[in-house]
Amino acid sequence: SGKLHRCAATEASQATLASVSPVFAVMKLDKEGNTTYFEKKKTELYQELGLQARDLRFQHLMSIATRNNRIIVRMEFLKAVITPEFLLILDYRNLNLEHWLFNELVSQLAGEGQLVTYSLPFEFRAIEAILQYRISKLQGRLNTLQPQILETLEALVDPKLLSVDRSKLHILLQNGKSLSELETDLKVFKETILEILDEEELIEELCLSKWTDPQVFEESTSGIDHAEEMELLLENYYRQAEDLANEARELRVLIDDSESIIFINLDSHRNVMMRLNLQLTMGTFSLSLFGLIGVAFGMNLESSLEEDPRIFWLVTGIMFLGSGLIWRRLLSFLGRHLEPPLPPHVPAVLKKSQPAAGRVEIKNNLKAETFGLSRSTLTNQ
């Protein structure tokens, strides 16, 4: 059985390796905005870029690494390699990327819409375009979840509802799961950026043109520090991710608070039903207690009382009157023991607008008065 298990595992791994395509569908974008599409074997692409096979396996959900003057980026479905001259998008045939690749990325790489007075190197524009794409996707997910969660919570947190709509709870559960996934993605994004910001060497390695282009190196030494610009770029998107994480955290707190309110409402309705049940039980007990008189007269025993026609009404009146009195007595006993205790007496709070010296003087006066009252009380005793 062990051999069969190993053979099955080997065949499964071979089938998995065979299912992986040996070629990359590559989209190439250069500095001028020219776009070319081609397919190339993975081994040939490794050799052209000077990378190892492990560098393009993209095992992590999100990663930004440098190797051999190349920036290797993985963000969800996006796999990219950035060089000082061009950007390669690997396996670009994805429905989620078509709009961004063909409508936005080309103009961003061409440097259109820049707010700086000097042109940044190509890798800056490529990294910023990729980070902007990732942040916009996370922002879009949050914008989709936020109104749905608020609408569901508004429908659930209603004190007039005696029961909770299970369909709304199911929707809230799904939205909560999506919110947890969003929080995880934001956490991964922040940690990836923070790892780079904590290491100055990694920031320097991201500035590819600084070490290959003499003009860029002269600009960096003359006053335009490209490493500082890269750090500011990464910090900007880190702050944006932090803001999104705070909004997601507020939604999570709102869901938790709403769940507490729902449980309080359900407990309140449950207490009302339990009190009504207890009252009915006490009424049944009272009626049964005085019903023993009717049971006694209903036995097949003869006495002189059943001959008097007024005895029936007398016994019936005693039964109902006694049952009512006992029930009223039990209800008053229940009310005394279920009433909440009176809140303790709280002295008047001093106004915050009073100066510090005034507060100290008033506090000392209060202490003196309290001490005098205690002495007088002891003397009287």
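Start by selecting Asp185: setting aside neighbours within four places in sequence, this residue is in contact with Leu61, Arg134, Leu138 and Arg141. What you are looking at is a predicted model. Asp185 sits in helix α5, which covers residues 166-197. The residue is buried, because its relative accessible area is 13%, and the cut-off for buried is under 20%.

Now add Arg141 to the selection. Its side chain forms a salt bridge with Asp185, and the closest N and O atoms are 2.6 Å apart. The pair links distant parts of the chain, with Asp185 in helix α5 and Arg141 in helix α4 (residues 122-156), 44 residues apart. Arg141 is partly exposed, with a relative accessible area of 26%. Show Met62 as well: Met62 and Asp185 are 123 residues apart in sequence, but their C-alpha atoms are 8.9 Å apart in space.

Stay on helix α5 and select Glu183, then Arg252. The two side chains meet in a salt bridge at 3.9 Å, N to O. Glu183 belongs to helix α5 and Arg252 to helix α9, so this pair ties together parts 69 residues apart in sequence. Glu183 is partly exposed at 27% relative accessibility, and Arg252 is also partly exposed, at 21%.

Follow helix α9, which spans residues 226-298, as far as Met273. Met273 is exposed, with a relative accessible area of 55%. Select Leu276 and Leu280 too: with Met273 they make a nonpolar surface patch of about 310 Å².

Next, colour two spans taken from a record. An unreviewed UniProt entry lists residues 280-299 and 311-327 under "transmembrane region". In the model, the span 311-327 is 100% helix and 0% strand, and its end C-alpha atoms lie 24 Å apart.

Move to strand β4 (residues 70-75) and select Arg70. Which side chain of opposite charge is nearest to Arg70? It is Glu85, 5.6 Å away; Arg70 is buried yet has no salt bridge. A salt bridge needs a nitrogen of Lys or Arg within 4 Å of a carboxyl oxygen, so the distance to Glu85 does not qualify. Beyond four places in sequence, the contacts of Arg70 include Glu48, Leu49, Val81, Ile82 and Leu208.

Step back to Asn69, in the loop between β3 (62-67) and β4. Most residues other than glycine have a negative phi. Asn69 is not a glycine, yet its phi is positive, about 60°. At 27% relative accessibility, Asn69 counts as partly exposed.

Asp91 is the next stop, in the loop between β6 (86-90) and α3 (98-109). Here too phi is positive in a residue other than glycine, with a value near 50°. Asp91 is partly exposed, at 28% relative accessibility. Add Lys79 to see a salt bridge between the two side chains, 3.1 Å from N to O. This pair also links distant parts of the chain: Lys79 is in strand β5 (residues 78-82), 12 residues from Asp91.

Finally, clear the selection and view the whole protein. How many salt bridges does a search of the whole structure find? There are five, among them the pairs already visited. The protein contains 11 helices and six strands. Of its 381 residues, 29% count as buried. The accessible surface comes to about 25600 Å², and 58% of it belongs to carbon and sulfur atoms. Among contacts between residues at least 6 apart in sequence, 61% join residues at least 24 apart.

Definitions and conventions: Residues numbered from 1 in each chain as written. Predicted model: local features only at pLDDT ≥ 70, side-chain atom pairs only at ≥ 80, totals over all residues. Heavy atoms only, no water. Patch = residues over 30% accessible without salt bridge, like charges linked within 9 Å, V, L, I, M, F, W, Y side chains within 5 Å. Areas by Shrake-Rupley, 256 points an atom, 1.4 Å probe, with all protein chains shown as cover. Helix = DSSP H or I, 4+ residues; strand = E, 2+ residues; numbered from the N terminus. Buried < 20%, exposed > 50% of the residue type's maximum accessible area, 1.4 Å probe, protein only. Contact = heavy atoms within 4.5 Å. UniProt positions renumbered as here; feature names shortened; annotations may be inferred. Lys, Arg positive; Asp, Glu negative; His and termini not counted.
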